[in-house]
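Hi,

Here is the structure we talked about, with some notes on what turned up in it. Have a look at it first, then read on.

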Amino acid sequence: MSRVIGIDLGTTNSCVAVVDGGKPVVIPNTGGYKTSPSMFAISQDGKRLVGHLAKRQAVTNARNTVFASKRLIGRRFDSPELARAVDLFPYQIAEGPDGDARIVAADKTFSCSEIAGIILREMKRVAEEYLGEPISDAVITVPAYFNDTQRQSTKDAGKIAGLEVLRIINEPTAAALTYGLGHREEQKIAVYDLGGGTFDISVLDLADGVVEVMSTAGNTFLGGEDFDRRIVEHILEEFNKAEGIDLRDDLMALQRLKDAAEKAKCDLSSLNVTEINLPFIANDATGARHLNLELTRETLEDLVSDIVNQTMKSVEQCVSDAGMKAEDIDHVVLVGGQTRTPLVQQAVTRFFGKPPHRGVNPDEVVAVGAAIQGNLLTSGDRDLLLLDVTPLSLGIATFDGHFASLISRNTTVPVRKAHQFTTTRDDQSAVKIRVLQGESENADDNHLLGEFVLSDIPKAPKGEPEIEVAFDIDANGIVNVSASDVASGREQSITVKTTGTLSEDEIEQIIAENANVPFPGDS
C-alpha cells in the first residue's frame with residue numbers, strides 16, 4: 001500500500017506532510033518552501049499556474065488570479081456572507097447552474113471544488129516528487145465549523161485531484177493529534193485556529209492515547225484576509241486624503257496594496273512600526289504618485305480589535321458547550337499564521353489566564369496531524385484514538401416551519417439517531433423530508449442540506465402513520481438520511497449532496513478535461 005499524505009488545504013497557504021520512518025515530516029516544494037500559496041491563475045498566454053508561480057504574477061494579472069477560494073467552497077451564490085464580501089475578490093464570481101458560487105478566470109467558469117482540486121493536485125505532485133513514488137491516498141483537513149456541503153465539496157476536490165480521500169478531519173482536531181503525540185497524561189486542551197479565511201475553536205480531552213473532541217465552534221468567513229482588508233482600507237483612505245486619488249477601481253494598485261498589507265501585518269507581529277512604500281502607485285496630470293505610509297502596531301490593533309473580539313465570543317461558547325470554565329483548560333494550542341499577531345495572543349492569554357503553548361509550528365501542525373491520522377488509518381496502530389464531533393445540529397423542517405433537531409451539535413461521530421414523525425392531513429400519501437443543519441428554531445434560518453419525498457404511504461387518518469426519519473453521520477462528518485413508513489416498510493433515503501455540490505458526472509467530466517492540461521512545476 002502506498003503511503004498516505006496529510007494535506008492542510010488552507011485559505012492562504014496549503015501544506016502537505018507524511019509519516020516517514022515512524023515520524024511525521026512536512027514536505028517542502030521544489031523551491032524549498034514548506035507551504036505553498038493556495039492560488040491558481042491562468043496567465044495571459046493561457047498557461048495554468050499554481051502556488052508560488054500564480055502568486056508572483058498576481059499584480060499584473062489580478063482578474064485571472066484566484067486566491068482565498070476556500071471561503072467560497074460549498075457556498076451558494078446568494079449567501080449572505082458572499083453578498084457582504086464580493087468586493088474582496090478581484091476575480092469574477094458567477095452563479096452556477098444549481099445556485100452555487102463559481103469562479104471565472106480567463107473567460108472560463110470553474111466550480112470551487114475544481115479550484116480546490118487543482119491546488120490539491122499540486123500538493124500531490126509536491127509529495128510524489130519528494131517521495132519518489134506515486135501517491136493515491138490522502139487525509140484532508142477542513143475547518144471544524146464547515147457544514148456538510150463544504151465537507152462534501154472538499155471531498156469532491158480530492159477526487160478531482162486524483163486522490164482517494166480516506167478521511168476528512170477538522171483542522172483543530174488534526175492539530176490536537178500532533179500535540180497529543182507523545183503526551184500520555186490526561187489533560188484538557190483548547191485549540192484556537194485562526195487562519196487566512198476561517199476561525200475555529202475546539203476543546204479536547206487527551207487521555208491515555210485517546211483524543212476526544214468535547215465541543216467546537218467558529219466562523220467560516222473570518223480570518224487573516226479580513227485583517228488584510230482592514231489595512232488596505234486604511235491605506236486607501238490615507239492615500240486619498242494625502243493625494244486626492246481613489247485607488248479602489250485600479251485592480252493592479254489594489255493587488256499591490258494587498259501584498260503590502262499582508263507584509264506589514266507580518267512585520268507588526270515583531271515590530272511596533274513598519275513602513276509601506278509603493279512607488280508609482282498612481283498617475284495623474286501632474287505625473288507619477290508614490291505611496292509612503294507609516295503603520296504602527298497600535299493602529300493595526302485599532303483596525304482589527306473587533307475581529308479578534310468576535311473570535312473570543314466563539315471561544316466562550318465553545319468552552320461553555322464543553323461544560324467547562326476557562327480555568328479547567330490545561331493548555332491552549334495556537335494554529336494558523338494569524339495567531340502570530342500579538343493582539344490575538346493577548347486576548348487568548350487574558351481569557352484562559354495562561355499563555356498559549358508554543359511547542360508547535362502554527363503553519364505546519366494541521367498537515368502533520370492529517371498525516372498522523374492517515375498513518376493510523378492504514379497501519380493498524382491503535383496507540384492513538386480519535387473521537388470527533390459534528391459541529392452543527394442536524395434535523396428536519398416540520399410542517400409549521402419549525403426545525404426539529406435530531407442530532408445536536410457537538411455529538412461524537414460516527415453517530416446514528418432516529419425519530420418518529422407523522423402526517424398532518426387525512427389520507428396523506430407522501431411527505432417531503434427537508435434536511436437542515438443549523439441552530440435556529442426557525443427552519444428557514446438554517447442551511448438546507450437537501451430534500452426528498454417518501455411516497456406511497458397507505459391512506460390513514462392524520463396523526464396515525466408512523467414515519468421514522470434516521471440520520472447517519474459518518475467519520476468524515478458527511479450525512480446520510482433515510483425515512484420509512486413503519487407500517488408498510490416503504491423507505492426512501494439520500495446521501496446528502498446538497499445544492500452546490502458537484503454530481504458524479506460533473507466530477508468525471510472535470511477529471512477528463514484536466515487530464516491533459518499541463519501545469520508548470522512550482523519553484
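Two strands count as paired here if DSSP finds at least two bridges between them. Please keep in mind that this is a predicted model.

With that in hand, let me start with a small sheet of three strands: the sheet is open, its order is 8-9-10, and the pairing is antiparallel. Strand 8 (92-95) and strand 10 (108-111) are the edge strands, each pairing on one side only. On average, neighbouring strands of this sheet are turned by 40° against each other, direction ignored. Four bridges join strand 9 (residues 101-105) to strand 10, and Ile103 has Phe110 in strand 10 as its bridge partner. Helix 3 (residues 112-131) lies across strand 9 and strand 10, at about 80° to strand 10.

Now for the pockets. The largest pocket holds about 920 Å³ of space. It is lined by 36 residues, and Arg75, Pro80, Glu81, Asn147 and His447 are the closest to its centre. Among the elements that give two or more residues to this lining are helix 2 (80-85), helix 8 (297-321) and strand 25 (447-454). By class, the lining has 10 nonpolar, 17 polar and nine charged residues.

The second largest pocket has a volume of about 770 Å³. Of its 38 lining residues, Thr12, Asn13, Gly337, Gln338 and Asp363 are the closest to the centre. Strand 2 (13-20), helix 1 (52-56), helix 6 (224-243) and helix 7 (251-267) each supply at least two lining residues. Here the split is seven nonpolar, 18 polar and 13 charged.

Best wishes

How values were computed. Residues are numbered from 1 along each chain as its sequence is written. This is a predicted model: local features need pLDDT of at least 70, side-chain atom pairs count only at pLDDT 80 or more; totals for chains, interfaces and linings use all residues. Side-chain values use heavy atoms; hydrogens and water are left out. On a 1 Å grid over the protein atoms alone, a cavity is a set of points where a 1.4 Å probe fits but cannot get out, and a pocket is an open set with protein on both sides within 12 Å along at least five of seven lines; lining residues have an atom within 4 Å of a point. Grid points are joined across faces, edges and corners, and a volume is the space filled by probe spheres set on the points. Ala, Val, Leu, Ile, Met, Phe, Trp, Tyr, Cys and Pro count as nonpolar, Asp, Glu, Lys and Arg as charged, and the others, Gly among them, as polar. Axes are lines fitted to C-alpha atoms, for helices over the stretch in contact, and angles run from 0 to 180 degrees between N-to-C directions. Contact means heavy atoms within 4.5 Å.
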